[in-house]
Amino acid sequence: MITEKEKMIAGEYYLAGDPVLVKDRRKSKNLLHRLNVTEYRVTKKAREILKELIPNAGANLYIEPPFFCDYGYNINCGENVYFNVNCVVLDCAKVTIGSNVFFAPGVQLYTATHPLDAELRKTLENALPITIGDDCWIGGNSVICPGITIGNGCVIGAGSVVTKDIPDNSLAVGNPAKVIRKLNV
């Protein structure tokens, strides 16, 4: 029998109030409290907290507190990933971040989504993965919506809302974000 956690990660409808998921979110919140309050400065202890919170990260993951996520274990980072202050990663589905990726303050990555049908929405939710390629810069207060892929070498302008996939080497800006030119060609 498939668990609610397996359903969540697979992008199927699931019960967010499932005891296992509640326990996992509580563990994440406890680690985030330690990171965001107790160890607000980036210290050796803060790096240990990050390794426990985001175990699937490459070398040189750097997060400026405060930082927020649902689970942490669904975030997969390459090397040299930087999150500036006030970033949010709702990682109900897998979030894959390449190497050399920089997030400006207030960036939000949302894998979580909800049914459009009001009756289903009362009890169920689902999530769609987000993928961000290598060598990207995501501008301040940008929102990356569920199910989005951003290619390698992209820049997302500040305040953008990314609702559609962005091809490699693109500068995308606006709400909704649109590619306004190619980069690195």
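The face of helix 2 that points away from its buried side carries Pro 19, Lys 23, Arg 26, Val 37 and Thr 38, which are exposed. Here exposed means over 50% relative accessible area, buried means under 20%, and partly exposed is what falls in between (1.4 Å probe, protein chains only). Helices (H or I, at least four residues) and strands (E, at least two) are DSSP runs, numbered from the N terminus.

Before going on, a word on where the values come from. This is a predicted model, in which local features need pLDDT of at least 70 and side-chain atom pairs count only at pLDDT 80 or more, while totals for chains, interfaces and linings use all residues. Residues are numbered from 1 along each chain as its sequence is written, and side-chain values use heavy atoms, with hydrogens and water left out.

**Helix 2 and its two sides**

Helix 2 takes in residues 19-38, 20 residues in total, and reaches 27 Å from its first C-alpha to its last, close to the expected 28 Å. That expected span is 1.5 Å times one less than the number of residues. Its buried residues are Leu 21, Asp 24, Ser 28, Leu 31, Leu 32, Leu 35 and Asn 36. Looking down the axis of helix 2, these buried residues fall within an arc of 125°, so they line one face; the arc is that of the directions from the helix axis to the C-beta atoms. The general background is that an α-helix has 3.6 residues a turn, so residues three or four places apart point the same way.

What do the buried residues of helix 2 pack against? Their partners are helix 1 (4-10), helix 3 (44-53) and strand 3 (67-69), with contact meaning heavy atoms within 4.5 Å.

Back on the outward side, Thr 38 belongs to helix 2 and counts as exposed because its relative accessibility is 53%. Thr 38 and Lys 94 are 56 residues apart in sequence and, C-alpha to C-alpha, 28 Å apart in space.

The UniProt record, an unreviewed entry, annotates residues 5-59 as "domain: Maltose/galactoside acetyltransferase". UniProt positions follow the numbering used here, feature names are shortened, and annotations may be inferred rather than shown by experiment. In the model, residues 5-59 are 65% helix and 4% strand, and the end C-alpha atoms of that span lie 27 Å apart.

**Cores**

A nonpolar core is a set of buried Ala, Val, Leu, Ile, Met, Phe, Trp, Tyr and Cys residues joined through side-chain atoms within 4.5 Å. The largest one has 40 residues, and Phe 67, Phe 83, Ile 97, Phe 103, Leu 109 and Ile 150 have the most contacts inside it. Helix 3 supplies the largest share of this core, 4 residues. Apart from it lies another core, of 9 residues, including Tyr 14 and Cys 92. Leaving out residues up to four places away in sequence, Ile 97 touches a list of residues that includes Ile 75, Val 81, Phe 83, Phe 103, Leu 109 and Ile 132.

**Sheet and hairpin**

Two strands pair if DSSP finds at least two bridges between them. An open sheet of 5 strands runs in the order 1-4-7-12-15, with parallel pairing. Strand 1 (56-57) and strand 15 (149-150) are at the edges with a single partner strand each, so one side of each has no neighbour in the sheet. Inside this order, strand 7 (residues 95-97) and strand 12 run parallel and are joined by 3 bridges, with Thr 96 opposite Thr 131 in strand 12.

Strand 18 (residues 170-173) and strand 19 run antiparallel, joined by 4 bridges. Leu 171 has Arg 181 of strand 19 as its bridge partner. Is strand 19 (residues 178-182) largely buried or in the open? It lies largely in the open, because the number buried among its 5 residues is 0.

**Backbone oddities**

Here are three positive phi values.

| Residue | Phi | Place |
|---|---|---|
| Asn 80 | near 60° | loop between strand 4 (75-77) and strand 5 (81-83) |
| Asp 135 | about 60° | loop between strand 12 (130-132) and strand 13 (137-138) |
| Gly 174 | near 105° | hairpin of strand 18 and strand 19 |

Asn 80 counts as partly exposed because its relative accessibility is 30%, and Asp 135 does so at 47%.

There are cis peptide bonds to look at too. One joins Pro 65 and Pro 66, with omega about 0°, and Pro 66 sits in the loop between strand 2 (61-63) and strand 3. The bond from Asn 175 to Pro 176 is also cis, with omega near 0°; Pro 176 is in the loop between strand 18 and strand 19.
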